[in-house]
Amino acid sequence: MIVFRQLFDPDTSTYTYLLADALTREGVIIDPVKERHARDLDLIRELGITLRYSIETHVHADHITGSGAIREATGAQVVTGAATRLECSDVLICDGEQLAFGNEVLTAIATPGHTDGCTSFRWRDRLFTGDTLLINACGRTDFQQGDPERLYDSIQKLFAHPDETLVFPGHDYEGRHVSSVGQEKTINPRLAGKGKQEFVDIMNALDLPYPRRIDTALPANQACGHAA
Ligand code: FE
């Protein structure tokens with residue numbers, strides 16, 4: 001038996017995930033948002049979960065992480081990809097390394113490209129892809145050491161999973177909650193039938209506006225959500 005919740009921050013369209021082993025009540029949270037940390041803590045208490053890890057898929061530019069606040073309240077360890085080199089992180093996780101909670105295991109997959117420290121996580125039949133792979137889209141590559149060629153290669157690592165594997169993204173701006181590897185391979189307009197160079201050309205031509213909260217979010221997230 002498992003516990004699985006998908007939570008949403010409407011201000012930034014961010015998804016936060018709570019995963020737990022229903023037997024031991026040990027769990028993890030992925031990508032909590034600072035402004036929602038009280039909601040998350042209420043749910044963790046209500047479900048009787050002992051939180052082991054607060055996991056970041058990457059250093060976010062669009063919202064401030066709730067990981068620091070959640071660590072203070074629960075004693076959970078903050079986990080980020082090794083390439084983030086974040087001093088505030090308790091666990092700098094490398095590709096293929098695992099995190100255990102109760103009888104459950106989560107596996108890190110280094111997926112640089114949107115940022116150099118981006119890490120996706122596999123748990124059972126599902127992938128938590130952060131901004132590496134979004135539903136019908138992917139994270140931008142024009143800030144934070146973004147690199148469309150590396151992002152393409154990282155997405156191929158995710159696409160190597162069985163088509164049935166569920167894809168739970170870090171954001172969705174159009175009310176979609178979940179996709180699958182097979183669906184993204186066949187209908188994601190940036191990827192379906194596209195080679196690497198086509199993908200790179202698409203990404204380099206996006207011409208997106210400057211991220212609204214990047215100047216406050218980045219320094220705060222370098223400190224795991226505490227004031228920098
Ligand atoms: Fe991002």
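The legends below describe close-up views of a predicted model.

**View 1. The iron ion and the three residues that coordinate it.**
In this predicted model, the iron ion is held by NE2 of His-58, NE2 of His-114 and an OD atom of Asp-131, at 2.0 to 2.3 Å. Along the chain these donor residues follow the spacing H-x55-H-x16-D. His-58 sits in the loop that joins β4 (50–55) to α2 (67–74), while His-114 sits in the loop that joins β8 (104–110) to β9 (119–123), so the two histidines tie together parts that are 56 residues apart in sequence. Both of these histidines, His-58 and His-114, are buried.

**View 2. The surroundings of His-114 in the loop between β8 and β9.**
The relative accessible area of His-114 is 7%, and the residue is therefore classed as buried. When neighbours within four places in sequence are left aside, His-114 is in contact with His-58, Asp-131, Gly-139, Arg-140, Thr-141, Phe-143, Gln-144, Gly-146 and Leu-151. Two polar approaches to the His-114 side chain can be followed in this view: a polar contact with the side chain of Asp-131 at 3.1 Å, and the backbone oxygen of Arg-140, which lies 2.7 Å from a polar atom of the His-114 side chain. Asp-131 thus appears both as a polar partner of His-114 and as a donor to the iron ion. For orientation, Lys-157 is 43 residues from His-114 in sequence, and the C-alpha atoms of these two residues are 14 Å apart in space.

**View 3. The open sheet of six strands and the helices that lie against it.**
The strands of this open sheet run in the order β1-β2-β3-β4-β5-β6, and their pairing is mixed. The edges are formed by β1 (2–9) and β6 (91–93), each of which pairs on one side only. Direction ignored, neighbouring strands of the sheet are turned against each other by 20 degrees on average. Within the sheet, β4 pairs with β5 (residues 77–81) in the parallel sense over three bridges, and Tyr-53 stands opposite Gln-77 of β5. Helix α1 (residues 37–46) packs on the sheet, where it touches β1, β2 (14–21), β3 (26–30) and β4, and its direction makes about 165 degrees with that of β1. Helix α2 lies across β3, β4 and β5, and runs at about 160 degrees to β4.

**View 4. Asp-40 in helix α1.**
With a relative accessible area of 1%, Asp-40 is buried. Beyond its neighbours within four places in sequence, Asp-40 is in contact with Leu-7, Thr-16, Ile-29, Pro-32, Val-33 and Ile-70. The helix that carries Asp-40 is the one that touches β1, β2, β3 and β4 of the sheet.

**View 5. The disulfide between Cys-88 and Cys-224.**
A search of the whole structure finds one disulfide, formed by Cys-88 and Cys-224 with their sulfur atoms 2.0 Å apart. The torsion about the S-S bond is about 75 degrees, so this disulfide is right-handed. The pair links distant parts of the chain, 136 residues apart, with Cys-88 in the loop between β5 and β6 and Cys-224 in the segment after α6 (214–222). Cys-88 and Cys-224 are both buried.

**View 6. Cys-118 and Cys-138, two cysteines whose sulfur atoms are 11 Å apart.**
Cys-118 takes part in no disulfide, and the cysteine sulfur nearest to its own is that of Cys-138, 11 Å away. Seen from Cys-138, the closest cysteine sulfur is likewise that of Cys-118, and this separation is too far for a bond. Both residues are nevertheless enclosed: Cys-118 is buried with a relative accessible area of 2%, and Cys-138 counts as buried at 5% relative accessibility.

**View 7. Thr-129 in strand β10 (residues 126–130).**
Thr-129 is buried, its relative accessible area being 1%. Apart from neighbours within four places in sequence, Thr-129 is in contact with Ser-120, Leu-158, Val-167, Phe-168 and Pro-169. The side chain of Thr-129 also reaches the backbone oxygen of Leu-133, at 2.6 Å. Ile-155 lies 26 residues from Thr-129 along the chain, and the C-alpha atoms of the two are separated by 9.3 Å.

Definitions and conventions:
Residues numbered from 1 in each chain as written. Predicted model: local features only at pLDDT ≥ 70, side-chain atom pairs only at ≥ 80, totals over all residues. Heavy atoms only, no water. Donors = N, O, S within 2.8 Å, 3.2 Å for Na, K, Ca; no water. Helix = DSSP H or I, 4+ residues; strand = E, 2+ residues; numbered from the N terminus. Buried < 20%, exposed > 50% of the residue type's maximum accessible area, 1.4 Å probe, protein only. Contact = heavy atoms within 4.5 Å. Polar contact = N/O pair within 3.5 Å; in protein donor to acceptor, adjacent residues only side chain to side chain. Pairing = 2+ DSSP bridges. Axes fitted to C-alpha atoms, helices over the stretch in contact; angles between N-to-C directions. Disulfide = S-S within 2.5 Å.
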